[in-house]
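Colleague: I'm new to this one. Could you open it up and take me through the labels people put on it?

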Amino acid sequence: MTPVDLTLQEPHLEALRGLVLREDGVEAAAYLLCGEARIARDPWERRSRRRFTSYAVLPIPPEDAVSASHTHVTWSTMSFVRLLKRAKEEGLVAGIVHAHPRGPDRFSDQDDRNERELARLARNRNGEDAALLSVLLIGDGAVRARLWPDLHAPVAADPVRVVGRHLTFHGAPAPGSGGLEAFARQALAFGPELTPRLRALRVGVVGCGGTGSPTAVLLARLGVGQLALFDDDIVEVTNLNRLHGARRADADAMRPKVETLAREITEMGLGTRVVPVRGWIGDPACRDVLKSCDVIFGCTDDHDGRLLLNRLAYFYLIPVIDMGLAIDPAPGGGLRDLTGRVTVLTPGAPCLLCRGIVDPRMARDEDLRRKQPEEHERRKREAYVRGGGNPAPAVVTFTTATACMAVDELLQGLTGFRGPDGWVWQRARRFDRLEDRRPGATQDPNCPVCSDSGYWGRADLEPFLDRVG
């Protein structure tokens, strides 16, 4: 059986609750359209997986209502047929949403019978590969979901994630995923619920250098159960002042950074399953691993890689916590700048393009250097592209402190330890002045990524992320 899970945009869940959770306790229903990410091989479970992402919420027209009570809701299928038509035309998956305002906390036998007939209609209308999603909202706030891949039996969607200002999960973590003695002191701070959730979490770390290596180590020591490490570089002597887990022997052996960091985490003995991926994240071989993550930390100074993660966050509803460190020595001594930055990318937040953090021209030059190095060198000589420049300054205390800021943001999204407002979209810390700022951003209403022009929750498209070239 292929595992299934569902991610809902936080505003979509709020809209659905407004549509189907009536104050009088009478059941109601709505429609949901979802994108789908098909994963041929989950890097940790080593089997296929289907992930669904909410794309649009649609009310059922009032004229389609037939009857409703505290124990049932029925409506005409005319609007459902229109939903199926749109799903087929746009390559989406149709879903129905209803509520049990007063319980039970599960799908009922009546739900089984009704949904099987709707699944049959979907297959007759859209073909034998057509699936039906069903979402159940409970009066206590819980969310349940399942997929009808055929007419035999539904498959539970577990977990159901909700992504927006927060990162919340509905559904029990895997049995035996918590309770490790190593995390007992952490549970005293955040309660016993956090460790099982972290054990079930799948986190990607893109870039395993000065900020990425401490990020990965911190995540493992927090108790994150699954880590994927992405980097194409090897350990060099100049890395040793800030690359956590690296040794001189690794530099001498030209060992890949991902392998060095994976060894360090494995030797902790904390049970984290690590998947090292050597390569650039734009390579097709990286796609299944990226799409399998619940959260991704962007720890790269590669503009093209950042642009890819920028789109991935909105297409697949995978929060990306991007970070960077600026150290700018003054010509006469001292520092003009010493700032760590953490930016959260998720639907509703301004993207890296709108914030001016990534430079599309630099991204284009990096892509050319990667694919056509000789042509890049020729254009650099003719001043059509920018050169690599001098190495950037790096100090381990500040790269590690920036990683701490980013991991703290994950904890905020999961626990709300700083208050109920959720993530800070961007935080900048001047280490030399002991100052924190929250820079705003003017969101471009025409931005193709974060203005919700049809990409949020769209998931798989051809070409990947709708990137041409």
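Colleague: Why is Ala459 called buried?

Modeller: Buried means under 20% relative accessible area, exposed over 50%, and partly exposed in between, with a 1.4 Å probe and protein chains only. Ala459 comes out at 0% relative accessibility, so it counts as buried. Keep in mind that this is a predicted model, where local features need pLDDT of at least 70, side-chain atom pairs count only at pLDDT 80 or more, and totals for chains, interfaces and linings use all residues. Residues are numbered from 1 along each chain as its sequence is written, and side-chain values use heavy atoms, with hydrogens and water left out.

Colleague: What is the phi of Ala459, and where is Ala459 found?

Modeller: Phi is positive there, about 60°, although Ala459 is not a glycine. Ala459 sits in the segment after β18. Helices (H or I, at least four residues) and strands (E, at least two) are DSSP runs, numbered from the N terminus.

Colleague: And Met254, is that buried or exposed?

Modeller: Met254 has a relative accessible area of 55%, so it is exposed. Its phi is positive too, near 55°, and it isn't a glycine. You'll find Met254 in the loop between α7 (248-252) and α8 (257-268).

Colleague: What makes helix α6 largely enclosed?

Modeller: Nine of the eleven residues of α6 (residues 212-222) are buried, so the rest of the structure largely encloses this helix. Among the buried ones are Pro214, Val217 and Leu222. Right after α6 comes Gly223, with a positive phi near 115°.

Colleague: Which residues does a cis peptide bond join?

Modeller: One such bond joins Asp158 and Pro159, with omega about 5°. Pro159 lies in strand β9 (residues 155-163). Another cis bond joins Glu462 and Pro463, again with omega about 5°, and Pro463 is in the segment after β18 (435-437).

Colleague: How many cavities of 30 Å³ or more are there?

Modeller: One. A cavity is a set of points, on a 1 Å grid over the protein atoms alone, where a 1.4 Å probe fits but cannot get out; lining residues have an atom within 4 Å of a point. Its volume, the space filled by probe spheres set on grid points joined across faces, edges and corners, is about 80 Å³. Of the 13 lining residues, those closest to the centre are Thr7, Arg51, Cys293, Tyr316 and Ile318.

Colleague: Which element gives the most to that lining?

Modeller: Strand β3, with three residues.

Methods. 1 Å grid on protein atoms, 1.4 Å probe; cavity = no way out; pocket = protein on both sides within 12 Å on 5 of 7 lines; lining within 4 Å.
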